[in-house]
Structures are given as C-alpha cells and as structure tokens.
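Reader: Please show me the model. I would like to question it point by point.

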Amino acid sequence: MVGDKNEFEKLLNEETEFQIKKGDILKGKIITQSSDGIFVSADGKPFDVYVGKDYLLKNVNEYKLGDEITVKLLKINESEGQAFGSEKAAKRDEIIDHITEGKIVKGKIKEKINKGYIVELENVIDAFLPGSLSMLKRNSDFPREEMDFLVLKNEKRRNRTNIVVSRRGLIEKYIEEFFDNHHLNMIVEGIVSDIKEFGLFVSLNPYVTALAPKSELSWDKNFDHMKYYKVGDKIKGVIIKLDKENNKVSISVKRLKNDPWEEVEKKFPVDSVVEGEVVEIFPFGFAIRLDEGIEGLVHESEIFWTGKGRIEDVVKVGDLVKVKVLSIDKETKKISLSYKQVMGDPWEDIENKLKDGDITEGLVEKVLPNGIIVKLDDGLTGFAHVSELSWNFVDDVEGLFEEGEKIKVKVLHIDKENRKIKLSVKQTKENPWKKISNELKKGDKISGKVVKYVGKGAVVLVDDYEVEAFVPKSKMELKEDEDMENLLKIGDVVEGEILSIEFENEDQKGSMVISLIK
C-alpha cells in the first residue's frame, strides 16, 4: 500500500516514463543483428525494437553491435512484447521541415514514371521531378549518381507530403550565379570535356562549359591541340568572352603568357647564334621553331656556301640546329636565319682540308649528262667531268652512277677564288691500259663479256683488265644477211684474238680491236 500521496505520484510518473507509443522517436544501441534486420535496445523502455533491413538507412551489414541509432516506432504489439521501428522514418521526420522551397537538396533518380521521375531525397523522402524540368532526354537512361535538385514545393495533401523538385531551375540558378560572379580577363580553371578541330570544350562547372578556340590555345600557329590535350585534362584560361544573354563563355589559354613577339628582339638579338628545332622543310629553305609562337626561315641561300644542294641532306624535321639571326620584322612576324654562317665558310681554310692530288670519299649529289656533282665533307662540292669518270668510253652517265652513291674521287684542281673543285673518279685507280699493254700483244687470245653495240660493231669488257675492246662487224662469224645482235647477245661471254692495242701514256685511255673469227 502506498500511504503517502507524494510517493504515489512519484511511482505514477516513473511508470509513465516506461510507456511507449506508435510514432515515438527513440535512440538505442544495436544488441542483435541478422541478415534481415537488427534489434535495438532503448534504455528504460519495456520492449526491444526490431528494425527490418528495408527500414535502415544503410545496408544491414554496415552496422555493428553497439552502434547507436535513432528510430521511429511504427507498430507495437504489447501482447507479444514486440515493437517495430524505422530508421528511415526517423530521418524523414528530422529533415522534412528543412526541405523548403528554394533550397538545394541531394538525391538520386530512382524511377521513371508518367510525366516525370521519382527522386529519392537524402535517401528517405520521395519527390516528383517533372520531365519538363529534368533536363533529361525522355528516351535515354536517367543518371544513377547522386545529384543536386532545387526544391520547388513542399506541401501536405491529405496527410501526404508532396515535394516537387527541378533540375532546370537549379541549373539556371547556377548559370546565373556564374555570370554574376565572373568577368572578362578573369582566370578560370576547368576540365576538358570534348576536343574538336576548332578547339576545346572546357567544363568550368557541371552547368557551364566554355569554348577555348584553337587560335587561343597557343602562340604557336602549328600547335596541334588534338595531340596535346585529352578529355579529362585540367586546364586554365583567361575569360575573353562572357555572353550572359546567350550563355556563352570563351577562354584563352595562350593569353596566360605574354605575346612572345613583344620581346623577340630582346630574346633573339640580331647577329646572335640561337638553337631551334627544324619544323618544316620547303623547296626554298627550312623553318626553325625558336620558341612557342616564334619561327624563323633559313633560305636556301643561307644553307649552302656553293650552289644548290638537297636540303634534306643537311637537316631533317626534328633536328636541333644552331642558326644565326640575320633580321627580325616584328610587324610581319618574320625572322631570317642563317645556317651556313654558323657552320663556317669551308672555303676560308680549304687548303687545310684538301689539296690537289688528294683521294677522298664523297656522295654523288647530282648526275648530269656531262658528269657528276660530288658532295664532299665540310659542305664542299666538286665536279667530275664525264671524261674523268672511267678509263673506258662513257656514253651514259646515268647508267654508271646513282645519286646518293658513295664513291672515291681524286682532287684534280682547287680553284679557291671561283670556289670550284675538279674531281676524277677514274684516277683513283691505276690506268688498266698500262697494265694490259705491258702484258698482252697482238695475236694474244682474250675472253670477255659483250656489254653493248656501237656503230658497226660490239664492245667487249675484257676479263681481268676492266678495259673495253671493239669487235668490228667484219670480224664476226656472221652468216649472210645475219645481224650481229642475233649472233652476239648482251652478256654473252666470247673469246677472241687481239688485232691491235694502242696506248700512249698513263693519263690517256687506250684502245683495243679484237676478232672473233676462229
């Protein structure tokens, strides 16, 4: 019995504290966990509360025993001593009042429905996104990732909450804020989102994309942005166009640096020797890149000291070469350069490099009807007349040499004043006519190969001597009306008798006539 009134009220209050009812919010610790849900024990409450996995904010395996969570009681079965709760419902009650018109909230589109989409806000509240405000293509898949939404409406309808959100409104809000907070010449940073021939599209934020025109990417007119950039690259630029009315923004990357032509004379003074990369070869010279946006031309007259040559034999694209600055025209953005002046005039001290009688190597640079031009070391070239090409008669120079062929030559004469060098190919070898005239005589037998027909006979290259002997048609065993071309084929090996040998001196060719008549 409770005799004291105050004591009775105290006990009554304690019992009330133990009472729970549907809709109560309570905090408790997880005491039991299974794959289907968890049990929460709330201090001072008569029942443990079961929360099914579909009513949790996270996957059930992301919880652990002892975690404290907040749940809302959904149902109480006093006869069985059980209570059922929802963590999502507790969260929903917590935030519903904060989802107000004009506020930006996070959510995920979870379903496409008639005239729009169902969006789950903060993982607990469904909202309606009208299709006309979604900025999405109706026939395309909707994005699954979390996005921001602008709350247009949050109202109660027959005990139900009606929330309407918008993507269009949010984007318009962000775009307006961008144009309000940015101005010309402001430096911005973005991500390359697309690459086109005419420039780059740069995403400055999820809602504003700027164009970086190709002409504004580099001071180098040959800059290849298609190779230099890739989607996803971070990029900085200066705002050069801000059109709020049409929502257009253009940026310049190159204007982050000064125009290199402004200080070109200071950086590359006239008469200075500088290094650059060969970027293009023309028929009349080659271009060198000295710096970003700075290219100069080396005219062919500033490549070779003597005559013309193959520019490709001197440089190739990609080579780093030193050149002398001859002139600069800032107005037309042209620089004249000299390659040969850096290499030095090979004729100044040619006596220290070559002298008459020297035998050296060279490359056949040009084959002409009357001889060949030979490229020597140090940028020098010489000429070998057709009479100096072989100890035999030459009627076809092109058949004897090929351009680019490496050969030995003898220096016959150096004319420093007129910058000319006479060469001989045949004089790099002993005159074979001297040997054959010493070893063979009239009446001796020889063998050789038919190499060509000339006039009224054929020419045979004599074995072991590399001299050509002439076979008159009258000294062939021809049948009546038979052509010598039918009797002797080019390449045929024949044997004959020497009819005559003529040889005057070592500097002259000789001659030999043979007979094939046995």
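Author: Questions and answers on this structure follow.

Author: This is a predicted model, in which local features need pLDDT of at least 70, side-chain atom pairs count only at pLDDT 80 or more, and totals for chains, interfaces and linings use all residues. Residues are numbered from 1 along each chain as its sequence is written, and side-chain values use heavy atoms, with hydrogens and water left out.

Reader: What pLDDT does the chain average?

Author: pLDDT is the predictor's confidence in each residue, from 0 to 100. At least 70 is reached by 96% of the residues. The chain average is 88.

Reader: Which stretches have a pLDDT below 50?

Author: Where pLDDT is low, the predicted coordinates should not be read in detail. One such stretch has three contacts beyond near neighbours in sequence, a contact being heavy atoms within 4.5 Å. Another has five. They are residues 1–5 and residues 11–18.

Reader: What radius of gyration does the chain have?

Author: The radius is taken over C-alpha atoms, and the globule rule is 2.2 Å times the number of residues to the power 0.38. A compact globule of 518 residues would come out near 24 Å. The C-alpha atoms fill a box of roughly 165 × 60 × 45 Å along the principal axes. The chain's radius of gyration is 49 Å.

Reader: How many helices and strands does the chain have?

Author: Both are DSSP runs, numbered from the N terminus: helices are H or I with at least four residues, strands are E with at least two. The count is eight helices and 30 strands.

Reader: Which element gives the most residues to the largest nonpolar core?

Author: A nonpolar core is a set of buried Ala, Val, Leu, Ile, Met, Phe, Trp, Tyr and Cys residues joined through side-chain atoms within 4.5 Å. The largest has 25 residues, and Leu 200, Leu 204, Tyr 229, Val 249 and Ile 251 have the most contacts inside it. Elements supplying at least two residues each include strand 11 (187–196) and strand 14 (234–243). With six residues, the top contributor is helix 3.

Reader: Which residues are included in the second, separate core?

Author: This core has 22 residues. Among them are Val 374, Leu 380, Val 397 and Phe 401.

Reader: Is Asn 162 buried or exposed?

Author: Asn 162 sits in strand 10 (residues 160–166). Leaving aside neighbours within four places in sequence, Asn 162 contacts Lys 153, Asn 154, Glu 155 and Arg 157. The cut-offs are under 20% relative accessible area for buried, over 50% for exposed and partly exposed in between (1.4 Å probe, protein chains only). At 18%, Asn 162 is buried.

Reader: And Glu 502: buried or exposed?

Author: Glu 502 lies in strand 29 (residues 493–502). Not counting residues up to four places away in sequence, Glu 502 touches Gly 510 and Ser 511. Its relative accessible area is 52%, so Glu 502 is exposed.

Reader: What separates the C-alpha atoms of Glu 502 and Ser 437?

Author: Along the chain, these two are 65 residues apart. In space, their C-alpha atoms are separated by 7.7 Å.

Reader: Which residues of helix 2 are buried?

Author: Helix 2 covers residues 87–95. The cover over its buried residues includes strand 1 (25–33), strand 3 (48–52) and strand 8 (125–130). The buried residues are Glu 87, Ala 89, Ala 90 and Ile 95.

Reader: At the start of helix 2, which backbone nitrogen does a side-chain oxygen of Ser 86 reach?

Author: The oxygen comes to within 3.3 Å of that nitrogen. The nitrogen belongs to Lys 88.

Technical notes
A polar contact is a pair of N or O atoms within 3.5 Å; within protein, one must be able to donate a hydrogen and the other to accept it, and residues adjacent in sequence count only if both atoms are side-chain atoms.
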